[in-house]
Each structure stands twice: as structure tokens, then as C-alpha cells.
Amino acid sequence: MGNVKIKICGISDGAAMDGAIDAGADYAGLVFYPPSPRHIGSNDAALLAERSGPRIARVGLFVDADDAQIGDAVAAGRLDALQLHGSEAPARAADLRARFGLPVWKAIAVSSASDVKRAEQYAGAADLVLFDARTPKGTLPGGMGLSFDWSLLRHYRGSLPWGLAGGITPANVAHAIAQTGAPLVDVSSGVESAPGLKDPARIKAFVSAVRKG
Ligand SMILES: O=C(O)c1ccccc1NCC(=O)[C@H](O)[C@H](O)COP(=O)(O)O
């Protein structure tokens, strides 16, 4: 599983950023969504960009954000990609891709086979779809440590590059990849010691579990 890409989402401090880079993760997710315990503002985004430089790609995460909010984050965090984790339609994904000239990842909330099919609507509009667990109404739309039935992706043959998120941990990631064939995995709560607090040892264990397969 050495070629599976890894994103550590919700990095909000220097120790977590260093942990992701040292472990060999491919992407660092920066959350720009105030209700999240992982939310960062422009100052912290700039510090994290300065600290990480070109050693890891920074993916900015937004939930139905407006252009001004996204523009501030892109500039401060020197973002390499945008992850849309709200109810953004394909036209909005395409518009943001054109406006900022960055790859767009669209999260798809999954609880049934029809949700998986919905990803195709983003062909031509997004660059990657990220299948994540559908969370209960009134809670965060991601980062809840909840998983979905991975067998829904067993025969997945979409036209877009894709990734798997939701309730993945160092202990179950090898099984998740074996069951779905995911070319990219994304983790947040599974490498934390408390909500919003990344644990470098758990990040290392997660990356090792993926690389060893
Ligand atoms: O992480 C958050 O706090 C968050 C808040 C709002 C929308 C999305 C959020 N995270 C998205 C991610 O990419 C997470 O890595 C993904 O949902 C998996 O989270 P977890 O189940 O905790 O590993």
C-alpha cells in the first residue's frame, strides 16, 4: 500500500504539522470552519504555511464558505487545494476551481449506495471526490470519527480520482484500504488524543500502518 496517499486533516499547531511531515504524510488539511475544534484563522494558517513550506501539500477545508473567506485562507495558508465539505453544488465547485486556479476536492456524505453514485455529478467540476460518513443533523459535517459501510465502495469505478474518510484509525486503516481499494485515505479524530489535538505518535502509527499495508 506504499502508493496510497495520506491526508492528515485538522492540523492546527506546529507539533501536528511537524508530525505529519516527519511521518511522511502527503497532505495537511487546514480547517477554515469556525464551529470546528480544529478551526484556524489567517494568522495561524500563515504560520503553518511558513513552517511547512513545500514539504507537504496544504488542503484548505471549507463548509459553504463565500469567495472572500476562501480567498483570505488561500492567501494566508498558501493553499495547494480546496476541500469543499458542505452542500456545494457541482457548479460552485467548478466556479471555485476557475476562480482560484486550484484543484477542488468535494466531500460526499455517504450513508447509502445512492450517495456513492452522486459523486459522478462532480465529473468535470471537481478534481477528486472524498467519500466521508454522513453525520447526524446538527453536528459537524466531518471530523466526527464516524465511518460508513465500506463495502459500498468495494467495486467503485468512478471517473474521478477519489479518497476515503470517516472513522479511520491506525488500527483499521489497512482493513479499510483492503476492503475499498482506496487510493487516498484521510484521517482526523483517529490521530487525536482529544478533539482538535493531534498526537504525533498516532500520526506516525497511522502512516506506518498505511505504508506497511
Ligand atoms: O475536521 C473537522 O472538524 C471538520 C469540520 C467540518 C467539516 C469537515 C471536517 N473534517 C473533514 C475531514 O476531512 C476529516 O478528516 C474527515 O471528516 C474524517 O474525519 P474523522 O472521521 O474524524 O477521521
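**View 1. Ile8 and its partner across the barrel seam of strands 1 and 8 in the predicted model.** Ile8 stands opposite Val187, a residue of strand 8. Strand 1 covers residues 5-8. Strands 1 and 8 pair in the parallel sense, and four bridges join them.

**View 2. Helix 4 against the sheet.** Helix 4 spans residues 90-100 and packs on the sheet. The helix touches two strands: strand 4 (81-84) and strand 5 (104-110). The direction of helix 4 makes about 160 degrees with that of strand 5.

**View 3. The barrel of eight strands.** The strands close into a barrel in the order 1-2-3-4-5-6-7-8. Their pairing is parallel. From one strand to the next, the twist averages 25 degrees.

**View 4. The shell around the ligand.** The ligand is surrounded by 27 residues. Cys9, Ser36, Gly142, Gly143 and Ser189 are the closest. Two elements each give two or more residues to this shell: strand 2 (27-31) and strand 8 (184-187). By side-chain class, the shell holds 12 nonpolar residues, 12 polar residues and three charged ones.

**View 5. Confidence of the prediction.** The chain has a mean pLDDT of 97. A pLDDT of 70 or more is reached by 99% of its residues. For the complex, the predictor gives an ipTM of 0.98 and a pTM of 0.97. Where pLDDT is low, predicted coordinates should not be read in detail.

Conventions
Residues numbered from 1 in each chain as written. Predicted model: local features only at pLDDT ≥ 70, side-chain atom pairs only at ≥ 80, totals over all residues. Near = placed C-beta within 6 Å. Nonpolar A, V, L, I, M, F, W, Y, C, P; charged D, E, K, R; others polar. pLDDT = per-residue confidence, 0-100. Pairing = 2+ DSSP bridges. Axes fitted to C-alpha atoms, helices over the stretch in contact; angles between N-to-C directions. Contact = placed C-beta atoms within 7 Å.
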